[in-house]
Amino acid sequence: MYLKKLKIGNVELENNILLAPMAGVTDKPFRMITKEYGPSLVGTEMVSSKGLYYNDDKTKLLLDTENEKRPISAQIFGSDPETMGYAAKYVSKLADIVDINMGCPAPKVVKNGDGSKLLLNLSLVEEIVKAVVENSEVPVTVKMRKGWDNNNIVAVEAAKIIEKAGAEAITIHGRTREEYYLRKSGLGYNKES
Ligand SMILES: Cc1cc2nc3c(=O)[nH]c(=O)nc-3n(C[C@H](O)[C@H](O)[C@H](O)COP(=O)(O)O)c2cc1C
């Protein structure tokens, strides 16, 4: 494997191995153990911007990074620019990078217009990234799927909008929301089932 240093905004990363954020998996103990195996960046589970806005204790607990090795990225989700801006301000005091979730396929998330559902509304994507960048004290990144379904593969168009809105890096999960976690991941059109 080819290892190289990375820079995301002003955050210097020792190598190009980053732990993918996973809800229900990348909690504090998991991050601390994983960090021992060498990734330059680990991230929290996704955290609800509404939960932070309404001062929910359980939500805030997901952001406990005390005594962890830095840098750490914290991921927030939501579809209201104001709430996302609030969450960005809060999270950027605790983490080194604020990551915006535009990939979660879970019905309970997309039914609220959050996660991968955002990829059907690119002007909202732009508003959210701008609001988060304006309110964050640290670099902002976005993690998205390649689109909602095979008729809406928007990764390139969305990436250009996101970059222009001020994000410093983008990760693409190469599946559509419709593909969930099935089939091979990739940026092309997936024909095989
Ligand atoms: C259990 C599980 C939880 C996940 N939770 C998140 C999440 O909270 N935020 C996110 O951006 N991606 C999440 N993902 C997506 C992964 O970060 C990753 O992009 C995806 O699994 C693609 O990689 P793979 O093809 O190696 O599985 C999750 C994936 C799994 C399997």
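Reader: Which residues of α4 are buried, and what makes a residue count as buried?

Author: The buried residues of α4 are T83, M84, G85, Y86, A87, A88, Y90 and V91. A residue is called buried if 20 or more other C-beta atoms, placed from the backbone, lie within 10 Å of its own, exposed if there are 12 or fewer, and partly exposed in between. The element names come from DSSP runs, helices being H or I over at least four residues and strands E over at least two, numbered from the N terminus. The model is a predicted one, in which local features need pLDDT of at least 70 and side-chain atom pairs count only at pLDDT 80 or more, while totals for chains, interfaces and linings use all residues. Residue numbers start from 1 along each chain as its sequence is written.

Reader: How do you know that Y90 is buried rather than exposed?

Author: Y90, which lies in helix α4, has 22 C-beta neighbours inside 10 Å and therefore counts as buried. Its C-alpha atom is separated by 9.5 Å from that of E137, although the two residues are 47 apart along the chain.

Reader: What makes α4 as a whole largely enclosed, and what do its buried residues pack against?

Author: Because 8 of its 11 residues are buried, α4 is largely enclosed by the rest of the structure. Those buried residues pack against α2 (49-53), β4, β5 and α6, where a contact between two residues requires C-beta atoms, placed from the backbone, within 7 Å.

Reader: Why is one set of residues called the largest nonpolar core, and which elements supply it?

Author: The name nonpolar core is given to a set of buried Ala, Val, Leu, Ile, Met, Phe, Trp, Tyr and Cys residues joined through C-beta atoms within 7 Å. The largest such set here has 41 residues, and I76, V91, V98, V129 and V132 have the most contacts inside it. At least two residues each come from β3 (42-48), β4 (72-77), α4 (81-91), β5 (97-102), α6 (122-135), β6 (140-147) and α7 (155-164), and the largest share, 6 residues, is that of α4. In soluble globular proteins, nonpolar side chains tend to be buried together. For V129, the contacts beyond its neighbours within four places in sequence are I100, V140, V142, I162, A165, G166 and A167.

Reader: What makes β3 and β4 a pair, and how do they run?

Author: Two strands pair if DSSP finds at least two bridges between them; 5 bridges join β3 to β4, and the two run parallel. Within this arrangement S48 stands opposite F77 in β4, and β3 itself is mostly covered, with 6 of its 7 residues buried.

Reader: Why does K146 count as buried or exposed?

Author: K146, found in strand β6, has 27 C-beta neighbours inside 10 Å and so counts as buried. The C-alpha atoms of K146 and R175 are 5.7 Å apart, with these positions 29 residues apart along the chain as the separation.

Reader: What is unusual about the backbone at N55, Y180 and the bond from R70 to P71?

Author: Most residues other than glycine have a negative phi, and most peptide bonds are trans. N55, in the loop between α2 and α3, has a positive phi near 60°, and it counts as exposed because it has 9 C-beta neighbours inside 10 Å. Y180, in the segment after β7 (169-176), has a positive phi near 50°, and with 12 other C-beta atoms within 10 Å it is exposed as well. The bond that joins R70 and P71 is cis, with omega about 0°, and P71 lies in the loop between α3 (57-61) and β4.

Reader: How do you know that the chain is as compact as a globular protein of that length?

Author: The chain has 7 helices and 7 strands. Its radius of gyration, taken over C-alpha atoms, is set against the globule rule, 2.2 Å times the number of residues to the power 0.38. The value is 16 Å, close to the 16 Å that the rule gives for 193 residues, so the chain is as compact as a globular protein of that length.

Reader: Which residues surround the ligand, and how are they classed?

Author: A residue is near the ligand if its C-beta atom, placed from the backbone, lies within 6 Å of it. There are 16 such residues, the closest being A20, M22, A23, M46 and H173. The shell has 8 nonpolar, 6 polar and 2 charged residues, where Ala, Val, Leu, Ile, Met, Phe, Trp, Tyr, Cys and Pro count as nonpolar, Asp, Glu, Lys and Arg as charged, and the others, Gly among them, as polar.
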